[in-house]
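Student: I've got a model up on screen and I'd like to talk through its rings and hollows. Can we start with the terms?

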Amino acid sequence: MRNPLADKVVEIKPSGIRKFFDIVSEMKDAISLGVGEPDFDTPWHIRAEGIHSLEKGKTFYTSNSGLVELRREICNYMKRKQGITYDPVKEVLITVGGSEAIDIGLRAMLNPGDEVLIPQPSYVSYEPCTVLAGGTPVIIDLKAENEFRLTAKELEDAITEKTKVLILPFPNNPTGAIMERKDLEAIAEVIIKHDIFVMSDEIYSELTYKDEHVSIATLPGMQERTIVINGFSKAYAMTGWRLGYACGPRVILEQMTKIHQFAIMCAPTTSQYAAVDALKNGDEDVKMMRDSYNQRRRYLINAFRQMGLECFEPYGAFYVFPCIKEFGMTSEEFATRFLEEEKVAAVPGTAFGDSGEGFLRISYAYSLENLKIAIGRLERFVNKLRAEKVDTK
């Protein structure tokens, strides 16, 4: 029989995040700090709007681009939060999660051999989506000494004549790193100089703990060359509703909509009605959840300091990225032993790229009570490893 499979799909590695999640799901008394999913329920008024739309029989297809009232609310949100103006008819597309927007955005822009710059560590889908779209991933290894920010020099050094797109994954999963305005201004000069495009994944934009999030699309000359990816999963605790969106230049959005039209048709109608209410009435819910995450973030950073575990202070998303290089083992080995011996699941940094070696992603999208138990187990584990090192000397 002929091989029924496409080589480029077979060669893609499965997500390293799910491996540990699947193991811990079958382990009694285990605690998972591995999945980036809010532990809050979707706020009731948002759920109620979804329920109401069902009761009213609003279960039809929407337009391919999504409910026009939702697209208008997204434009209002972008204007209110970032001061950017988009046309709700031609420059906004509602997608099935931010992940679909990443996929179809790359497919709309890339020709075979076009290079996509991917700063890592970063979300697991950028590299495989680039490959599936026929592009060539070019990895930029971010450094802990720069707080895992992308510098203008790192960007300049990675650009070739084949470079077409830069993925900008901030606030960052897995590191929690952010890019401030001065950082964005420096790389924007390089982007404009080399006439490349940006896919700015801003799904964690509401979860920043230093200053207000700044989108690179707000900078002079950048809106016309940037696709902003966002959604409702993280800020509004709406992971299972599967709803995201893209805002960007009409010429790109038209082609993204075409792919979406043939592959998806439209995003779930019920989710879209709920999202309208989220944007209109959800600011206080977002603030409450952000304040809770910030409390957990501060607890973890302080706990790491007390146990002598090196970790830069992250100001975005809901992840910390402690360094475990002192123990002389790979991230995979550390995470595996931690799970087996202490029944706590964290994700090896290498799940997010080779530059994640020597680090561990810990999510604080979990209750403070569970975090305290898990950190107690982590402290016991690292003390045991340090004792083992002393014994072998």
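Tutor: Sure. This is a predicted model, and here a residue counts as buried when its relative accessible area is under 20%.

Student: What does that make phenylalanine 318 and tyrosine 319, buried or exposed?

Tutor: Both phenylalanine 318 and tyrosine 319 are buried.

Student: And what makes phenylalanine 148 and phenylalanine 321 a pair?

Tutor: Rings pair if their centres lie within 6.5 Å, and the centres of phenylalanine 148 and phenylalanine 321 are 5.5 Å apart, so they qualify. A search of the whole structure turns up 16 aromatic pairs.

Student: Why is the pair of phenylalanine 148 and phenylalanine 321 called edge-to-face?

Tutor: The planes stand at 85 degrees, and anything over 60 counts as edge-to-face, so the name fits.

Student: What does this pair tie together?

Tutor: Phenylalanine 148 sits in the loop between strand S4 (136-141) and helix H7 (152-158), while phenylalanine 321 is in the loop between strand S9 (319-320) and helix H12 (331-342), so the contact ties together parts 173 residues apart in sequence.

Student: How do you know whether those two rings are buried or exposed?

Tutor: Phenylalanine 148 has a relative accessible area of 1%, and phenylalanine 321 is also at 1%. The cut-off is under 20%, so both count as buried.

Student: Back to phenylalanine 318 and tyrosine 319: why is that pair edge-to-face?

Tutor: Their planes are at 65 degrees, over the 60 that is needed, so the label holds. The ring centres are 5.1 Å apart. Phe318 and Tyr319 also belong to one aromatic cluster with Phe40, Tyr204 and Tyr293.

Student: How do you know that the charged end of lysine 210 is over a ring?

Tutor: The charged end of lysine 210 is 5.0 Å from the centre of the tyrosine 315 ring and sits over it. The distance limit is 6 Å, and the charge must also lie within 35 degrees of the ring normal. Arginine 225 does likewise over phenylalanine 197, at 5.9 Å from the ring centre.

Student: Now the hollows. What makes the largest cavity a cavity, and what lines it?

Tutor: A 1.4 Å probe fits inside but cannot get out. The volume of the largest cavity is about 50 Å³, and its lining includes Tyr77, Glu206 and Phe232. That lining divides into seven nonpolar, three polar and one charged residue.

Student: And which helix gives the largest share of the lining of the largest pocket?

Tutor: H2 does, with five residues. The volume of that pocket is about 1,300 Å³.

Note on methods. Residues numbered from 1 in each chain as written. Predicted model: local features only at pLDDT ≥ 70, side-chain atom pairs only at ≥ 80, totals over all residues. Heavy atoms only, no water. 1 Å grid on protein atoms, 1.4 Å probe; cavity = no way out; pocket = protein on both sides within 12 Å on 5 of 7 lines; lining within 4 Å. Points joined across faces, edges and corners; volume = space filled by probe spheres on them. Nonpolar A, V, L, I, M, F, W, Y, C, P; charged D, E, K, R; others polar. Phe/Tyr/Trp six-rings, centres within 6.5 Å; stacked < 30°, edge-to-face > 60°. Helix = DSSP H or I, 4+ residues; strand = E, 2+ residues; numbered from the N terminus. Buried < 20%, exposed > 50% of the residue type's maximum accessible area, 1.4 Å probe, protein only.
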